[in-house]
Amino acid sequence: MAVEKRDYIIPSVHLAEVYFSRYKEQGYLASKVEHIVQDGFYRSIELPPIESKADRKRIESAFRVERCRVGNVIVWSGLYADEHGLDINATDEKVRLKSVSALKTLIEQAAECGAGNFGVISGRDTGILEKSDAFRALIKSLTELTEFAKQYRQNLIFEPVEKFSGRRALLGNTEEILQLLQILKPELPSLYCCYDTSHAALNRELLNEALVNMQSFIGNIHLSNAVLDLHDPLYGDRHLRPGLPGFLTARKAEKLLMRAYELGLNLKNGLIVCTELRQETSCPPDQEEQAFITATDFLKQVMLEFNLDV
C-alpha cells in the first residue's frame, strides 16, 4: 500500500554539513539530535561517524523518547574516508583491506547510534590502465561491507560522487553505476544508491534522466547545489545554498521529486530527501544556526510546492 502524497517526502537533515564548523566537537551533534527529535519536523537524520561512545549512547537514547518521529538514521563515512585516506576501490589490496576494516568498525559504531543505514563513497579514479582492477576492488569491497552491515540490520548506501571535478572519483556517471549495481543488487538486496543532484549535474547528466535511469536502486535523495561553469571560482561540489549562482532552485527540486513520485520510487514507505548545504568552516557563534535554518526552509518550500502540484 502506497503512502499518501502528503507523506511521500520524508524530510532529512545532514548534521555534519549544516553544522560543519563544529561537527567533530564532543557532545555537539548529540545535543542537536535531541533538539531535532523534540521539534518533530525531521523524520530522518544523517550523521557522520560518532567517535565518542557516550555521544553514541546519548543519540540512540534520543531516538527512543516518546513521540519521536525519526524513523531513519544514516551514518555517512565520506568525510571520515577523505580525512583518513580510505579507498574502497584501491588496487593495492593492503590499502583496500585497511579501508574496509576501518569502515566495518564505523558500521559497528553506527549501530550503537541506532542507525539502520551506512553510507560509503567510491575512491579515486585510477586511470585507464588500472580501471578494471579498481572496479573489481570496488565490487569486492561493496560486497563485504553490505554483508557485514546486514549483520547489524543496516542497509549499505553507496553514493556516486563527481567524476570530472573535486574528488575525481572512479565511478560517478549513471552508465557505470548501473553496470555496477546490476551486478551486485540481485545478490545484495540491502545495497542502495544515494542520488545527489550536485553529483549528477557535475557529471554532466540531466537530473530527471539520471533519476529515471537509476530508479531501481535509489534509496534516498540529496538536494545539493553547485556552480556548473568550469571557469567560475565556485565551480564544483561545494554544497552551496540553493539558488544562484548554482543551478538548483526550489522549482527544479520539486519537479525532480514529482518525477520520482510518478515513477513510484519508494512509494510504499516514502522517499528520504535531504537538503545538503554546508556551513562555512569559520562560522561566528551568532550564525551557527543559519545553515540549518536555510536547509530546513528550502526543504519545507519544496515540500509545499510538491503537495500543491496537481
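Which strands each supply at least two residues of the lining of the second largest pocket? In this predicted model, the strands in question are S3 (72-76), S5 (155-159) and S7 (218-227).

**The second largest pocket**

This pocket encloses about 330 Å³ of space. Its lining consists of 16 residues. Those that lie nearest the centre of the pocket are Gly219, Asn266, Asn269, Gly270 and Ile272. The lining of the second largest pocket can also be described by residue class, as the table shows.

| Class of lining residue | Number in the second largest pocket |
|---|---|
| Nonpolar | five residues |
| Polar | nine residues |
| Charged | two residues |

**The chain as a whole**

The protein chain contains 11 helices and nine strands. Its radius of gyration is 18 Å, close to the 19 Å that the globule rule gives for 310 residues, so the chain is as compact as a globular protein of that length. Along the principal axes, the C-alpha atoms fill a box of roughly 50 × 45 × 45 Å.

Two further values describe how the chain is packed and connected. Of the 310 residues in the protein chain, 57% are buried, a term that here means under 20% relative accessible area. When contacts between residues at least 6 apart in sequence are considered, 80% of them join residues at least 24 apart.

The surface completes the description. The protein chain exposes about 14,400 Å², and carbon and sulfur atoms supply 50% of this area.

Conventions. Residues numbered from 1 in each chain as written. Predicted model: local features only at pLDDT ≥ 70, side-chain atom pairs only at ≥ 80, totals over all residues. Heavy atoms only, no water. 1 Å grid on protein atoms, 1.4 Å probe; cavity = no way out; pocket = protein on both sides within 12 Å on 5 of 7 lines; lining within 4 Å. Points joined across faces, edges and corners; volume = space filled by probe spheres on them. Helix = DSSP H or I, 4+ residues; strand = E, 2+ residues; numbered from the N terminus. Nonpolar A, V, L, I, M, F, W, Y, C, P; charged D, E, K, R; others polar. Rg over C-alpha atoms; globule rule 2.2 N^0.38 Å. Buried < 20%, exposed > 50% of the residue type's maximum accessible area, 1.4 Å probe, protein only. Contact = heavy atoms within 4.5 Å. Areas by Shrake-Rupley, 256 points an atom, 1.4 Å probe, with all protein chains shown as cover.
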